[in-house]
Amino acid sequence: MKRHGEIPEGEGYLLWCWRFINKRAASGVDRQDAGSYKKSLWANVVALVTAVKAGRYHTKLVLRRYRPKHNGKLRPLGIPAIADKLLQIGVSKRLEAIYEQDFLDRSYGYLSATDLESVP
C-alpha cells in the first residue's frame, strides 16, 4: 500500500484491517468483544460497509471507565465499540498510506524549519 491509488476498498479491506484489532480489548457500549464479532465476521463487515456507503453509519457512544492512578485520582478511559475500532483502523491505514510517503527519512512526524527549506 505505497500509493493511495492502490488502497483496496470494501469488505476485503476491512477484513485485512481485522488483523490489527486487539482481540483482547474490552468491549464497548454494545457489549460485543472481538470474539463475538468474529463469529459472524463476514456478515458484520458486509453490514458495516453497506451502512458506511449508504451514509447511515453512526458511531456508537464510547464506554467510559475510570482506572485508579498511583496518586489516588482516577484516569478516564474511553472504550469504543468493535465496529468503530475496525473503521478507525481502516481510516488510519488509508491516511498512513497516503501521507507516509510525504515524510522525509529523517523526520519524525513533523517537518522542522530546516526540513522545509530543503523540500523542493
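I started with the largest pocket and asked which element feeds its lining most: α4 does, giving 4 residues. Worth jotting down before going on: this is a predicted model.

**Pocket.** I looked up who else contributes. α1 (10–17), α3 (41–54) and α4 (82–99) each put at least two residues into the lining. The residues I found there are E9, G10, Y13, L14, V49, V52, K53, L87, G90, V91 and R94. Sorted by class, I get 6 nonpolar, 2 polar and 3 charged residues in that lining. For the space inside the largest pocket I noted about 230 Å³.

**Core.** Next I checked the largest nonpolar core, which has 18 residues. Which of them touch the most other members? I got L14, W18, I21, Y37, L48 and L86. Two or more residues of this core come from each of α1, α2 (34–39), α3 and α4. L14 caught my eye, since I had already listed L14 in the pocket lining and here L14 is again among the best-connected core members. As background, I reminded myself that nonpolar side chains tend to be buried together in soluble globular proteins.

I then picked I21 and asked what it contacts beyond its neighbours within four places in sequence. The answer is A34, I82, K85, L86 and I89; of these, L86 is also on my list of core residues touching the most other members.

**Hairpin.** Last, I went to the strands. β1 (residues 63–68) and β2 (residues 74–79) run antiparallel, and I noted 6 bridges between them. P68 sits opposite L74 of β2. The hairpin has 5 residues between its strands, and G72 there has a positive phi near 90 degrees.

Notes. Residues numbered from 1 in each chain as written. Predicted model: local features only at pLDDT ≥ 70, side-chain atom pairs only at ≥ 80, totals over all residues. Heavy atoms only, no water. 1 Å grid on protein atoms, 1.4 Å probe; cavity = no way out; pocket = protein on both sides within 12 Å on 5 of 7 lines; lining within 4 Å. Points joined across faces, edges and corners; volume = space filled by probe spheres on them. Nonpolar A, V, L, I, M, F, W, Y, C, P; charged D, E, K, R; others polar. Core = buried A, V, L, I, M, F, W, Y, C linked by side-chain atoms within 4.5 Å. Buried < 20%, exposed > 50% of the residue type's maximum accessible area, 1.4 Å probe, protein only. Contact = heavy atoms within 4.5 Å. Pairing = 2+ DSSP bridges.
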